[in-house]
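Got your viewer open? Load the model and get ready to click along.

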Amino acid sequence: MSPDEWIVDFPTLGDLWDAWITAHCTIPDGYDRGHPLHWSDWQFWCAAKFGQIRAGLHWDGKPLANEAFEYRRMQVMAPQKTGKGPWAASMTLIQAVGPAEFCGFAEEGESYRCSDWGCDCGFEYVYLPGDAKGRPHPSPLIQLTATSEDQVDNTYRPLQSMITMGPLSKLMAPRGEFVRILGGIGGDDADRIDVVTANANSRVGNPISFAIQDETGLWTKQNRMVKLAEAQRRGLAGMAGRSIETTNAYDSSEDSVAQRTYEAAAKDVYRFYIPPPPNLRWERKADRMKILEAVYRGSPWVRLGSVLQEAEEISIRDPEQAERFFGNRITYSSGTWLPTGIWEEHYGMVTEPA
């Protein structure tokens, strides 16, 4: 699948989400810190697929939760520094206080107004006739999950910055290891975003509406993260919730959560993965920049020269690690590569509904 195929020709909440993010979120760091956040092509595509409405859906006015959408879960597998963390943070904010839920198809003149939902920022999005309409979740309970607090900071740190540097500061309040979502019917203690790690067993399995599962290529039986992932998904099922995995390419000798998701036969899981071109090989130094140019397309903020320098240094002692983290190739054990093309045929692997 090439960027030319990133064409949104299906009903989705993605366009509404894109406009909502630009109006509410700012770039969390770097030279453009504080400027409005605009999703790159791959980020918008993934949001559009997550917001894709189920084919043939007929709206009768009743809430449908996750059953309104084509995909219950999503996996985004991409190399280091492509923007997975900030994108996951922005998707979390939509699920917390944005128009995350489907509520029918628009007629002429209808619009989404933040003022209808307790936000005085002035944002309004005018629907086209037939567009999917959105509304906030009535009781968001969200978990950001990773193997450690340092790992979960990939999402939690930019999320806190997006809240404090924009209009969302009136709707949400960071409180150390969690974020309070303000103004809900159940009171300020009812709705929240929690940070969860392998040590947070007391929170695992609680009913939740949404979860980010970060770097699932590191989630294995040995570190108890497979058990955590399964318990978290049970908690999501209890609230008809949804989840997104983000990860680097995985080592297929470790039987990680990322591998299990990528190989799963479930019909309602969408997988986004841009493999390196099959004719290029990481062990050939002349190919490495070409590989980086291919797998980092859609992330214009990445300085490929700097990435190449780091990858070259790591490759001296651990080429498998460098290829997985920067070359975005699934490998199967230290120092070895899978046969060319064996994984590429699975790129964007989605089992369509029967």
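Here is a short tour of a few strands and the cores.

Before you start: this is a predicted model, where local features need pLDDT of at least 70, side-chain atom pairs count only at pLDDT 80 or more, and totals for chains, interfaces and linings use all residues. Numbering runs from 1 along each chain as its sequence is written, and side-chain values use heavy atoms, with hydrogens and water left out.

**Stop 1: the hairpin.** Select strand β7 (residues 172-175) and then β8 (residues 178-181). Strands here are DSSP E runs of at least two residues, numbered from the N terminus, and two strands pair if DSSP finds at least two bridges between them. β7 and β8 pair in the antiparallel sense over four bridges, with A173 opposite R180. Two residues lie between them in the hairpin, and G176 in the turn has a positive phi of about 70°.

**Stop 2: along β8.** Show side chains: F178 and R180 point one way, V179 and I181 the other, and all are buried (under 20% relative accessible area, 1.4 Å probe, protein chains only). In a regular strand the side chains alternate between the two faces of the sheet.

**Stop 3: the next strand.** Add β9 (residues 192-196), which pairs with β8 in the antiparallel sense over three bridges. V179 has I193 as its bridge partner there.

**Stop 4: M172.** Which residues is M172 in contact with, leaving aside its neighbours within four places in sequence? Among them are L93, V97, V179 and I193, where contact means heavy atoms within 4.5 Å.

Terms used
Buried means under 20% relative accessible area, exposed over 50%, partly exposed in between (1.4 Å probe, protein chains only).
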